[in-house]
Amino acid sequence: MNSVLKGSSFVLVHAPDMLIHGGTTQTTERIVNPDSEYLRKLPEHLRSFEEAVAYLPNQVYIGNKTPTDLAAAGDVWFDKPLQSASRFGSFGEIMPQDEFYLLLQTCDVFDLVMLDKDFVKETLPRFEKHPLVDAELLALVREGVDISEIEKAVNNEGAEGVYQNGKLIGCVKKAHDIDVNLNAEVIFENLISKASCALSLMHFIKTTGVEKSAIDLVLDCSEEAVGDMNQRGGGNLAKAAAESAGFVNASGADIRAFCAAPVHALIHAAALVASGTYENVVVAAGGSIAKLGMNAKDHVKKDMKALEDMVGGFAALISKNDGVSPEILSEFTGKHNVGTGSSPQAVITALVTEPLDKMGLKIADIDKYSVEMQNPDITKPAGAGDVPQANYKMIAALGVKRGELERAEINDFTAKHGMPGWAPTQGHIPSGVPYLGFARDDIMSGSIKRSMIVGKGSLFLGRMTNLFDGVSFILQANSGAGADAPDEQAGVSEHAVKRLIAESLRELARSMGAE
Amino acid sequence: MDLENQKRVKEFAEQYGPENVIVIIGAAEAEAAGLAAETVTAGDPTYAGPLTGVQLGLAVYHICEEAVKNEVDEGVYDEQISMMEMVLDVDEIVKEMETIRSQYSKY
C-alpha cells in the first residue's frame, strides 16, 4: 500500500547581516579583495524585513500566494512589492533576523550562543508574542551578557560575531580549541541549519494538527556536515532538530545527497512507511548561511537589492495511507544511475520518462512537474538563466524526441505543466520540494491528478565523483482503496462507510444541482 | 567559470601549448557561455580565479556551433546534444561566442 503526503510546512528567515558575515561570496571577497567596491556597496543593497515580506516569491513560498499568482505577475518581481503582505502564511512564516537569533539560542544546548542583554531585552517582547513560542521555549532564552564580554570573545577567543543592522549583538563561541570542524564559524552554520529546521518542524505541527508524539522518525536532508575531526560528517542534525521541536517519540537520521537529498529522503520516507517500519516520518531541512548572497555581486552591479537574504526551511510528513491524502507511488520512482551518463537527455530520460514508461503514461499525463524551483529573479541577473524554465523545456524537448509533442508545442507545454520558480537559491531548498504544499492542495481539490517531484544534485562539488545525481517520484490522487485494505477482510471498515456516505452526499448534491 | 576548471584549463595550456588546446563550452545561456569563453581568452572577468589577468587567448567554441557539431559523430550528437539544442537559444549563443573569439582568441 502506498504511503501518503499528509502535510508540509515552509519557512523563511530574513538574514541580511548573516548574508554579509556568513555568505561565502562575501567571506571569500573579504580574504581576496578586502577593500573592494563591492563590499563597500553591499550594505546599501540589503532589503528591510518589510521588503522581504512584500516580495511575491517569498509570499508564494509560505503559501499566501500561489504559483499561478506568480505566473500572472510577469517574469520580474523584485520591482513589484505587494501592497499588503503578512509574515505568516498557510504553510509557515517569514521570521525576522532578530527573533531568529533568540530561536537560535533556544536550539543551542552547549551554551555557545551569547547575546547582548540589551538586544535580548529589546527583542524578547516580540518573540514572546510569536504564536509558536510557548513557556518551555521561552525558558531557554537566556538573559544575555554585557556587550564587552561578547567583544572579548570575538576579538580574542575565536568567536564568530552575530550582527543586527550592522551592529555586533552577540557571538557564537568555538566548541573546540583545535578542531576546525567545531570552530565558531561551523557551529554558527550548523546551528542556523538546526534552528531553521526546528522552526519548520514547529510550523508543520501547527499546519497539520498532528501530535508531536506521533512522529516516529525525522530525516534531515540539508547540506551541512555535523561532526568533529574524527567524524566530520557524523550527522544527525535530524535528531537534534526533532529534540528542539519536542518530538519525544522520534528518532532521526540525516540523508545527504547535495540538492537531490530532499527527494531521496522523501523516497526513503515513503518506503519506510509503506513497508510498515514506521507510521509517520517527517522529512525536513533547515537552510544554509553559506549560500546567502551567492549572486550578490551581480545584483549589486545591476543596482538591485541583494535578493538572496533568505534562509529557507521545510518539513513534510509522510504517513500511512489515510484514504484521502495524495499517494506517493513508491513503485514508480525515477533515478539517475551510475551508468546513466550525464547528458541532459540521459538525465531527463532516467528521471522523467523511465518511471512514466513503467506506468504506461506519457509526458503530458503529469499535470505539474516540480523541478529545481530556483527563483529566476535571483538567477537571471547573474547570467544563470531561468532554471525551472530550462528544466521544463528539456522535458518538453524529450517529449518531442519521443514523438509525444510537436516542436511548436514546447512553450505551451512549459506553461501548462510547469511553474515559475519562487524558492530562494539555498541548494536543497528549491529542489522539487517547494511545490509539495500546493501539490497536496491541488490534488485534493481535484484541480490536478498527478505531479512529479524531481530533485537533482551536483556531486562534483565534493570532488569525490564527477557523476551527476537525481531522483524523482510521482504524487497521485488517492485511490481511496489504500486506507481500507487492512480492515476489508474483517468486513466493512469505518473509512469505507465514510467514503460511501461521502459519495452518496456528492451524488445527492449533483442531482440537486442539475435540477 | 569554476575556479577548479580555470586551474585545469591553465595547466592544459601550459602542458600542451595554448595553440594545441581548444575549449568546448556547453553552457545553456549566451551570457554564461560568453563569460566562460572570456575567461579562457582574456582572463577571469570576475577576478576570482587562477585565470585572473591571464590572457590565454585559446580557441573556444560552444558545442552547438556548426564548426564543432560537424566534427562530432552524428549518432553521438543526437544522443547527447540534440535535445538540448531544441531548448537553447543557439543563435544568441553563437553570436556571443563569435564576439568573444574575434576580440580575444589568438589561435
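These are my notebook entries on the cores, the chain interface and the salt bridges of this predicted model.

**Entry 1: cores**

I started with the nonpolar packing. The largest nonpolar core comes out at 107 residues, and A:Tyr369 and A:Leu436 have the most contacts inside it. I then looked up what A:Leu436 touches, leaving out residues up to four places away in sequence. The list runs through A:Leu5, A:Ser8, A:Phe10, A:Leu266, A:Ala316, A:Ile453, A:Phe473 and A:Leu475. Apart from the largest core there is another one, with 62 residues. I jotted down some of its members, among them A:Leu102, A:Ile192, A:Ala238 and A:Leu317.

**Entry 2: where chain B meets chain A**

Next I went to the interface. I get 16 residues of chain B in contact with 20 residues of chain A. The two chains bury about 1,500 Å² between them, and 57% of that is on carbon and sulfur atoms. On the chain B side, B:Met83, B:Met86 and B:Val87 lose the most area to chain A. Together these three make up 45% of what that side buries.

For charges across the interface, I find three salt bridges by the rule. One I wrote down joins A:Arg463 to B:Asp2, with the closest N and O atoms 3.9 Å apart. I also get five residue pairs in polar contact across the interface, both partners at pLDDT 80 or more.

Which elements of chain B give two or more residues to the side that touches chain A? I noted α2 (30–39), α4 (74–80) and α5 (82–87). The largest share, six residues, comes from α5(B). By class, I have six nonpolar, three polar and seven charged residues on that side of chain B.

**Entry 3: salt bridges**

Over all chains I have 28 salt bridges in the structure. I followed up three pairs within chain A.

A:Glu99 and A:Arg126 meet through their side chains at 3.9 Å, N to O. This pair links distant parts of the chain, with A:Glu99 in helix α7 (residues 97–106) and A:Arg126 in helix α8 (residues 117–129), 27 residues apart. Are the two partners buried or exposed? A:Glu99 has a relative accessible area of 2%, so I call it buried. A:Arg126 is at 37%, so it goes down as partly exposed.

A:Asp111 and A:Arg142 form a salt bridge at 3.1 Å, N to O. I placed A:Asp111 in the loop between α7 and β3 (113–115), and A:Arg142 in the loop between α9 (135–138) and α10 (147–156), so this pair ties together parts that are 31 residues apart in sequence. A:Asp111 counts as partly exposed at 44% relative accessibility, and A:Arg142 counts as partly exposed at 29%.

A:Lys117 pairs with A:Asp146 in a salt bridge, its closest N and O atoms being 3.0 Å apart. Here too the pair links distant parts of the chain: A:Lys117 is in helix α8, A:Asp146 in the loop between α9 and α10, 29 residues apart. I have A:Lys117 as partly exposed at 36% relative accessibility, and A:Asp146 as partly exposed at 37%.

Last, I checked for shared partners. Salt bridges that share partners join A:Arg87, A:Glu93, A:Asp98, A:Glu99 and A:Arg126 into one network. That brings me back to A:Glu99 and A:Arg126, whose own salt bridge I had already noted.

Technical notes
Residues numbered from 1 in each chain as written. Chains lettered and ligands numbered in written order. Predicted model: local features only at pLDDT ≥ 70, side-chain atom pairs only at ≥ 80, totals over all residues. Heavy atoms only, no water. Core = buried A, V, L, I, M, F, W, Y, C linked by side-chain atoms within 4.5 Å. Buried < 20%, exposed > 50% of the residue type's maximum accessible area, 1.4 Å probe, protein only. Contact = heavy atoms within 4.5 Å. Buried area = accessible area lost by both parts, 1.4 Å probe. Salt bridge = Lys/Arg side-chain N within 4 Å of Asp/Glu carboxyl O. Polar contact = N/O pair within 3.5 Å; in protein donor to acceptor, adjacent residues only side chain to side chain. Helix = DSSP H or I, 4+ residues; strand = E, 2+ residues; numbered from the N terminus. Nonpolar A, V, L, I, M, F, W, Y, C, P; charged D, E, K, R; others polar.
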